[in-house]
Amino acid sequence: MGAKFGHGVMILFVISASMFSMSMANKDWSFGFNYTDWWSRFGNHAQNKTQQPPRQILVGGSEHWHYGFNYTDWAFKNAPFYLNDTLVFKYDAPNATSFPHSVYMIKSFGSFMKCDIEKAKMLANPTQGTGESFKFVLKRWQPHYFACGERNGFHCNNGTMKFAVMPMLRPFWRWP
């Protein structure tokens with residue numbers, strides 16, 4: 001008896017959910033014509049004027065790219081990052097009072113956690129972050145792992161000079 005009741009409740013639930021989903025799918029939200037395909041609704045219009053343009057983001061903010069600053073915290077506080085945003089790495093040229101810095105892209109999360117610079121790709125050497133700075137555009141929808149590779153990863157391991165970003169698709173509306 002209990003099994004029949006359970007089956008009856010399940011069938012009633014499936015029918016109700018189906019009816020609700022069909023009624024919502026066929027609802028005329030535009031108070032005019034019911035455009036049910038993407039192209040006729042969105043494809044023939046001009047570009048959305050409220051969409052935000054790509055940003056140029058100074059890595060570390062006013063702190064720039066230097067030893068001893070926690071860039072993982074900075075990335076969390078400055079997220080979200082979007083496709084086509086530009087990360088700007090600015091750092092001092094090596095001299096007697098400062099350490100040299102560089103920018104590496106690490107290939108995997110495991111290498112990022114261990115600060116394994118040997119398998120990483122150098123994006124900017126110690127002199128490229130000076131002056132106009134070094135710029136990196138987030139062109140791919142994948143995690144990007146950045147670190148300072150100087151002193152064989154010492155700055156990455158001990159100075160927290162590493163961070164990761166996962167660029168998202170930019171929304172079509174204003175985002176706070």
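This is a short walk through three spots in the structure: a network of salt bridges, one side of a helix, and a buried serine. Please keep in mind that the model is predicted.

Let us begin with the charged side chains. The count of salt bridges comes to two. One of them pairs Arg 55 with Asp 85, and their closest N and O atoms are 3.4 Å apart. Arg 55 sits in the loop between helix 2 (38-43) and strand 1 (56-58), while Asp 85 sits in the loop between helix 3 (71-78) and strand 2, so this pair ties together parts that are 30 residues apart in sequence. The other brings together the side chains of Arg 170 and Asp 85, at 2.5 Å from N to O. Here Arg 170 belongs to the segment after strand 7 (162-165) and Asp 85 to the loop between helix 3 and strand 2, so the parts tied together are 85 residues apart in sequence. Taken as a group, Arg 55, Asp 85 and Arg 170 are linked in a network.

How do these residues stand with respect to the surface, buried or exposed? Arg 170 and Asp 85 are both buried, and for Asp 85 the relative accessible area is 0%. Arg 55 is partly exposed, with a relative accessible area of 31%.

Next, have a look at helix 5, which spans residues 150-158. Its buried residues include Glu 150, Gly 153, His 155 and Cys 156. Why can they be placed on the same side of helix 5? They cover an arc of only 140° around the axis, and therefore they share a side. A general point helps here: an α-helix has 3.6 residues a turn, so residues three or four places apart point the same way. On the other side of helix 5, Arg 151 and Asn 152 are exposed. The cover over the buried residues of helix 5 includes strand 6 (144-147) and strand 7. Just after the helix comes Thr 160, which takes a positive phi of about 55°.

Glu 150 also leads us to the last stop, because its side chain joins that of Ser 102 in a polar contact of 2.9 Å. Ser 102 is found in the loop between strand 2 (86-89) and strand 3 (103-106). This serine is buried, with a relative accessible area of 0%. Leaving aside residues up to four places away in sequence, Ser 102 touches a set of residues including Trp 65, Tyr 91, Met 122, Pro 126, Cys 148 and Glu 150.

How values were computed: Residues numbered from 1 in each chain as written. Predicted model: local features only at pLDDT ≥ 70, side-chain atom pairs only at ≥ 80, totals over all residues. Heavy atoms only, no water. Helix = DSSP H or I, 4+ residues; strand = E, 2+ residues; numbered from the N terminus. Buried < 20%, exposed > 50% of the residue type's maximum accessible area, 1.4 Å probe, protein only. Polar contact = N/O pair within 3.5 Å; in protein donor to acceptor, adjacent residues only side chain to side chain. Contact = heavy atoms within 4.5 Å. Salt bridge = Lys/Arg side-chain N within 4 Å of Asp/Glu carboxyl O. Arc of directions from axis to C-beta.
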